[in-house]
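This briefing covers side-chain contacts and pocket geometry. The sequence and structure are shown first.

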Amino acid sequence: MQNMDKAKQGLAAQQFAQDWAGRGYEKGESQTFWLTLLSKVLGVNDPDKVIRFEDQVMLADLFSLYQSLTK
């Protein structure tokens with residue numbers, strides 16, 4: 001993960017928001033959105049190596065995750 005000071009991260013977030021304002025098809029660009037956010041705003045190196053999209057999950061596991069996040 002890159003070290004990014006708060007000022008630089010704030011500017012990156014503003015630029016990201018401008019770049020994505022009014023973009024079209026949400027489902028079709030969701031992966032690009034997340035990879036760009038992770039790398040340019042949050043400083044994650046090689047985000048494609050740490051995130052998986054539309055991975056198969058069992059419903060029980062998903063429900064357990066939801067429960068643990070909401071407690």
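The notes below are grouped by topic.

The structure is a predicted model. It holds four aromatic pairs, and the count of salt bridges comes to two. The largest pocket has about 150 Å³ of space. Arg 23 and Glu 29 are joined by a salt bridge, and both residues also help to line that pocket.

**Largest pocket**

- The lining consists of Trp 20, Arg 23, Gly 24, Tyr 25, Glu 26, Glu 29, Ser 30, Phe 33 and Trp 34.
- By residue class, the lining has four nonpolar, two polar and three charged members.
- Helix H2, which spans residues 26-41, gives the largest share of the lining, with five residues.

**Salt bridges**

- In the bridge between Arg 23 and Glu 29, the N to O distance is 2.4 Å.
- Arg 23 has a relative accessibility of 38% and therefore counts as partly exposed.
- Glu 29 is also partly exposed, because its relative accessible area is 21% and the buried class ends at under 20%.
- The side chains of Asp 46 and Lys 49 form a salt bridge with an N to O distance of 3.9 Å, which falls within the 4 Å cut-off.
- Asp 46, at 44% relative accessibility, is partly exposed.
- Lys 49 has a relative accessible area of 67% and is therefore exposed, as the cut-off for that class is over 50%.

**Aromatic contacts**

- Among the four aromatic pairs is that of Phe 16 and Trp 20, with ring centres 6.1 Å apart.
- The planes of these two rings stand at 40°, so the pair of Phe 16 and Trp 20 is tilted; stacked would need under 30 degrees and edge-to-face over 60.
- Phe 16 and Trp 20 both belong to helix H1 (residues 6-20), where they are four residues apart, about one turn of the helix.
- Both Phe 16 and Trp 20 are buried.
- One aromatic cluster is formed by Phe 16, Trp 20, Phe 33 and Trp 34; Trp 20, Phe 33 and Trp 34 are also among the lining residues of the largest pocket.

**Charge over a ring**

- Arg 23 lies over the face of Trp 20, 3.7 Å from the ring centre.
- Arg 23 thus has two contacts described here: the salt bridge to Glu 29 and the position over the Trp 20 ring.
- Arg 23, Glu 29 and Trp 20 are all included in the lining of the largest pocket.

Key. Residues numbered from 1 in each chain as written. Predicted model: local features only at pLDDT ≥ 70, side-chain atom pairs only at ≥ 80, totals over all residues. Heavy atoms only, no water. Buried < 20%, exposed > 50% of the residue type's maximum accessible area, 1.4 Å probe, protein only. 1 Å grid on protein atoms, 1.4 Å probe; cavity = no way out; pocket = protein on both sides within 12 Å on 5 of 7 lines; lining within 4 Å. Points joined across faces, edges and corners; volume = space filled by probe spheres on them. Helix = DSSP H or I, 4+ residues; strand = E, 2+ residues; numbered from the N terminus. Nonpolar A, V, L, I, M, F, W, Y, C, P; charged D, E, K, R; others polar. Phe/Tyr/Trp six-rings, centres within 6.5 Å; stacked < 30°, edge-to-face > 60°. Lys NZ or Arg CZ within 6 Å of the ring centre and 35° of its normal.
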